[in-house]
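Biologist: Before we discuss this protein, I should like to see how each descriptive term is justified. May I ask you to set every value against its definition?

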Amino acid sequence: NVTLVQGDGAGFASRIGGAGRIRIASNLPYGDWQRIVLAILAAPQEIVSCTLMIQEDVFERLRAKPGTRAYGPLAAIVQATCELKKVRRAGKGLFLPVPRVESVVFDLRRPAPVPDAAALERRLRELFAHRRKKSAAAGGRRVETLEPRELLALSRAPLTNV
């Protein structure tokens, strides 16, 4: 009852077609992790479980709090639409050759697809381009201080006078 899909991680949804419930387990590549996470968020299929491994600093960025330097567009999307749970740290000693960085295994629970997650991320990136400045689009507040759900609501409004 298992179909193993091998290929570009961001293209998995099109490769499995109308498959019902799916489980994802992946070691995300550092250079392409954002594109793959956005594809997971937007996939129309029911994702029963999603266990991922990524560099520890990237995981910390995904769970960064508003107002911190690490908080950004993808952190806002993931936090507003999913649950993140750290499963364990995967130390350097588990790999050959030994990498220079630590990794983290985590569960990503996505209750529902995030329609056009990539476009949403681009829109939030426009807002975050004016970090540390008060924004008319954010009601005179600094964008990076807004809670994730508030940022997603804001991203649906026209971006004038950012």
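Modeller: Let us begin with handedness: a crossing is right-handed if the near helix is turned clockwise from the far one by less than a right angle, and left-handed if anticlockwise. In this predicted model, helix 4 passes helix 5 in a right-handed crossing.

Biologist: What makes helix 4 oblique to helix 5?

Modeller: The two helices pack at an angle of about 130 degrees, with their axes 8 Å apart. Angles of 65 to 115 degrees count as roughly perpendicular and those over 145 as roughly antiparallel. The value falls in neither range, and helix 4 is therefore oblique to helix 5.

Biologist: Which residues of helix 4 and helix 5 meet?

Modeller: From helix 4 come P73, L74, A76 and I77, and from helix 5 come A117, L120, E121, L124, R125 and F128. By class, this contact has eight nonpolar residues, no polar ones and two charged ones.

Biologist: Why are helix 4 and helix 6 called roughly perpendicular?

Modeller: Their axes cross at roughly 110 degrees and come within 8 Å. The range for this term is 65 to 115 degrees, and helix 4 and helix 6 are therefore roughly perpendicular to each other. On the side of helix 4, the contact is made by A76, I77, Q79, A80 and T81. On the side of helix 6, it is made by P148, R149, L151 and L152. These residues divide into six nonpolar, two polar and one charged.

Biologist: Why, then, are helix 2 and helix 4 called roughly parallel?

Modeller: The axes of helix 2 and helix 4 cross at roughly 30 degrees and come within 12 Å. The term applies to angles under 35 degrees, so helix 2 and helix 4 are roughly parallel to each other. Their crossing is left-handed.

Biologist: Which residues bring helix 2 and helix 4 together?

Modeller: In helix 2 they are W33, Q34, V37, L38 and L41, and in helix 4 they are L74, I77, V78 and T81. Seven residues of this contact are nonpolar, two are polar and none is charged.

Biologist: What makes helix 4 a mostly covered helix?

Modeller: Eight of the nine residues of helix 4 are buried. They are P73, L74, A75, A76, I77, V78, A80 and T81. The cover over these buried residues includes helix 2, helix 3, strand 3 (83-90), strand 4, helix 5 and helix 6.

Biologist: How do you know that W33 is buried?

Modeller: The relative accessible area of W33 is 6%. Buried means under 20%, and W33 therefore qualifies. This residue belongs to helix 2. Apart from its neighbours within four places in sequence, W33 is in contact with L28, I54, V58, R61, L62 and L74.

Biologist: Is Q55 buried or exposed?

Modeller: Q55, in strand 2, has a relative accessible area of 17%. With the limit for a buried residue at under 20%, Q55 is therefore buried. Residues up to four places away in sequence aside, Q55 touches Y30, V101, E102 and S103.

Biologist: Why is R88 called partly exposed?

Modeller: The relative accessibility of R88 is 47%. A buried residue would be under 20% and an exposed one over 50%; R88 lies in between and therefore counts as partly exposed. R88 is placed in strand 3 and touches L94, V104 and V105, not counting residues up to four places away in sequence.

Biologist: What makes a set of residues a nonpolar core, and how many residues has the largest one here?

Modeller: Such a core consists of buried residues of certain kinds, Leu and Ile among them, joined through side-chain atoms within 4.5 Å. The largest here has 45 residues, and those with the most contacts inside it are I40, L41, L108 and L151. Several elements each supply at least two residues of this core, including strand 1 (21-27), helix 2 (33-42), helix 4 (73-81) and helix 6 (148-155). Helix 2 gives the most, with seven residues.

Biologist: Which residues does I40 contact, leaving aside its neighbours within four places in sequence?

Modeller: I40 is in contact with F12, I24, I47, C50, L52, L108 and R110.

How values were computed. Residues numbered from 1 in each chain as written. Predicted model: local features only at pLDDT ≥ 70, side-chain atom pairs only at ≥ 80, totals over all residues. Heavy atoms only, no water. Buried < 20%, exposed > 50% of the residue type's maximum accessible area, 1.4 Å probe, protein only. Helix = DSSP H or I, 4+ residues; strand = E, 2+ residues; numbered from the N terminus. Contact = heavy atoms within 4.5 Å. Axes fitted to C-alpha atoms, helices over the stretch in contact; angles between N-to-C directions. Nonpolar A, V, L, I, M, F, W, Y, C, P; charged D, E, K, R; others polar.
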